[in-house]
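Colleague: I am new to this structure and would love a close look at one part, the aromatic ring pairs. Which rings pair up, and where do they sit in the chain?

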Amino acid sequence: FKSTTWTGTSIPSTNNPSSRTNLRWILSITPRIEFPSVFGASISTEGHISILVGSYDAATQLLTLRENLYDQPDDIVMYEATIEDGYQGLVMSGGYSSLVEVGRVYLVPDPDAVDNLFEGMYLGEAVPDVSLEPFCIPTNPINWCLGIIMEGNTGIIFGSGYFDDAADVAEQPVLLFSLIGTYDPQLEFSVNITKYYELCEETKGFEVEYIGKFTDDGLSGTWKNPTGGSFGMFRCKRLTSLNGLSTRVRLCASCIEPVENGKIYCCHECIPDPYECCPNCYENNEHHDHDHRLFPEMVYTNESVDGYTCSQIALNSLVHFHERPFIGSIIDGRNIWLSYKDVSESVFYLIQQLNKFNLDENSYAI
């Protein structure tokens, strides 16, 4: 899970410098399996908010996003990008397409965002006032992604959120909305946020106002829906974000160009920072400044095993992946690996010896 502000540029395929657009996004990337696993918002230099929603596949490192432009709800921009962990931090790069153009996007985490303790993803609930019990108004969950831009002594809040069990809009269980507001760090971190639903007939004209304060671990206060006549209290907690994602950009040590996993030639003797080069530099002997022998990297297909218990899964893994590396260590400056087969031989021998004691399911061996 990671939630942070990204800044970068979109470059149309015409590569006209005047057509480039500065980007500022707040995104929450979650381990959620159902759609959406990624949501957030973009804010333009004029302060207009657009909703970002999509999914992230950690196995392929692919991020897929849809942006509904704030003033043109039928004009959608689609993004496909990868998030990779480079030597200087995360990098998001890929392409985009709309009705009028296609191009490339490049973004990195905003270095100033790390100092903002209130940015991120918030989970909680908005509870109707007890006086509204006769109207059977449900408690609404809070799934928010909030970013903050400081302008002098005032913070501009922008973001989005969603309901994933909405029954208000037919055939649309996921209901999206944008969030925009302000907060004053000099006035006890007071917050004023307005929620605007994405445009559809059922939610037309509905805006919900939230007034509260940031706390050490979240946000709380009151809410009201002037159009619907409802009001109440809300409270949500800010989730702690990880520092990075389990991916990284790999560069050729000779030409300093990115290299895809599985197409790298690497040194097994340079520890802890192995020398790596691309196939082109390897074939053209442009790695001559490195004295050690280079080996092609081995990349295995993602596979899995099944089992009804943890022990079954463990044993099935030892058999199925017998040729793959299991665990490694650095000994005398070299990588030494034990394969699944090496480990399984010791494990199966131990099982054979334990079986001699006829241990039942309520017994333990130490």
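Modeller: Happy to help; here is a walk through the ring pairs, after a little background. This is a predicted model, so local features need pLDDT of at least 70 and side-chain atom pairs count only at pLDDT 80 or more, while totals for chains, interfaces and linings use all residues. Residues are numbered from 1 along each chain as its sequence is written, and side-chain values use heavy atoms, leaving out hydrogens and water.

The chain holds 3 helices and 21 strands (DSSP runs, H or I of at least four residues for helices and E of at least two for strands, numbered from the N terminus). Of its 366 residues, 37% are buried, meaning under 20% relative accessible area with a 1.4 Å probe, protein chains only.

Now to the rings. The count comes to 17 aromatic pairs, where rings of Phe, Tyr and Trp (its six-membered ring) pair if their centres lie within 6.5 Å; planes under 30 degrees apart count as stacked, over 60 as edge-to-face and the rest as tilted. One of them joins Trp144 and Phe234, tilted, with 6.1 Å between centres and 40° between planes. This pair links distant parts of the chain, 90 residues apart: Trp144 belongs to strand β10 (residues 140-151) and Phe234 to strand β16 (residues 230-238). Trp144 and Phe234 are both buried.

Phe163 and Phe177 make another tilted pair, at 5.5 Å and 55°. Phe163 lies in strand β11 (residues 154-163) and Phe177 in strand β12 (residues 175-184), and both are buried. Phe177 also has Lys195 over its face, 4.7 Å from the ring centre (the rule asks for NZ of Lys or CZ of Arg within 6 Å of the centre and within 35 degrees of the ring normal). Finally, ring pairs join Phe118, Tyr122, Tyr183, Phe189 and Phe214 into a cluster.

Technical notes. Buried < 20%, exposed > 50% of the residue type's maximum accessible area, 1.4 Å probe, protein only.
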